[in-house]
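The following exercises concern salt bridges in a predicted model. Please work through each task before reading its solution.

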Amino acid sequence: QQHEYGYRSGMRQAVLEEQQHEVEKAKKEKRKKESHMLVEQIIKEELTAEHLKNQAADSDDDGAAINTDDENEEEEYEAWKVRELKRIKNVREEREAREKEASELDKIRNMTEEERRLWQRMNPKQITNKTDKGEVPVPPEVLPPRCLLPRQGGP
């Protein structure tokens with residue numbers, strides 16, 4: 001009977017803890033909603049105060065409010081104009097370089113053999129990625145067995 005009583009009290013304890021947990025959870029949710037409503041109310045009050053302040057300033061100045069946005073826009077426009085002109089210049093230079101290369105290739109293709117040889121002597125190829133190309137060692141397991149034998153006299 002004691003074992004049964006302990007089981008029942010444990011169950012009651014678990015149910016009580018679960019109910020307490022749900023009550024705390026509900027309280028937290030309620031506080032969260034209240035805080036959101038409070039923040040919303042404060043923001044509305046600030047916006048209303050700012051709106052009234054702006055209306056008062058507009059009526060005092062008779063529509064002559066100071067606007068500093070134009071100065072910044074002019075500087076931004078000038079910076080944009082400089083960037084745009086640089087971009088246009090780069091595009092034009094790239095296009096001219098491509099056209100020059102294409103015309104040079106056409107000129108070379110239209111040359112006779114004699115003219116082409118003369119042009120190649122006057123304009124030799126410039127190799128920019130020149131590297132030493134030495135022998136590549138071949139591992140012995142790749143070579144057939146007769147190649148591994150030492151050379152014996154003869155040419």
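A salt bridge is a side-chain nitrogen of Lys or Arg within 4 Å of a carboxyl oxygen of Asp or Glu. The structure holds six salt bridges.

**Exercise 1.** Determine whether Asp-106 and Arg-109 satisfy this criterion, and describe their setting.

*Solution.* Step one: the closest N and O atoms of Asp-106 and Arg-109 are 3.7 Å apart. Step two: the cut-off is within 4 Å, and the pair forms a salt bridge. Step three: the two residues are three apart in helix α2, and are therefore separated by about one helical turn. Step four: Asp-106, at 40% relative accessibility, counts as partly exposed, whereas Arg-109, at 58%, counts as exposed.

**Exercise 2.** Describe how Lys-81 and Glu-78 are placed in the helix and how accessible each one is.

*Solution.* Step one: their side chains meet in a salt bridge, with an N to O distance of 3.8 Å. Step two: both belong to helix α2 (residues 69-109); because they are three residues apart, about one helical turn separates them. Step three: Lys-81 has a relative accessible area of 33% and is partly exposed. Glu-78 is likewise partly exposed, at 40%.

**Exercise 3.** Which residues are linked with Glu-113 in a network of salt bridges?

*Solution.* Step one: Arg-117 forms a salt bridge with Glu-113, the closest N and O atoms being 3.9 Å apart. Step two: these two residues lie four apart in helix α3 (residues 113-122), about one turn of the helix. Step three: Arg-117 is partly exposed at 49% relative accessibility, and Glu-113 is partly exposed at 47%. Step four: the network links Glu-113, Arg-116 and Arg-117.

Notes:
Residues are numbered from 1 along each chain as its sequence is written. This is a predicted model: local features need pLDDT of at least 70, side-chain atom pairs count only at pLDDT 80 or more; totals for chains, interfaces and linings use all residues. Side-chain values use heavy atoms; hydrogens and water are left out. Buried means under 20% relative accessible area, exposed over 50%, partly exposed in between (1.4 Å probe, protein chains only).
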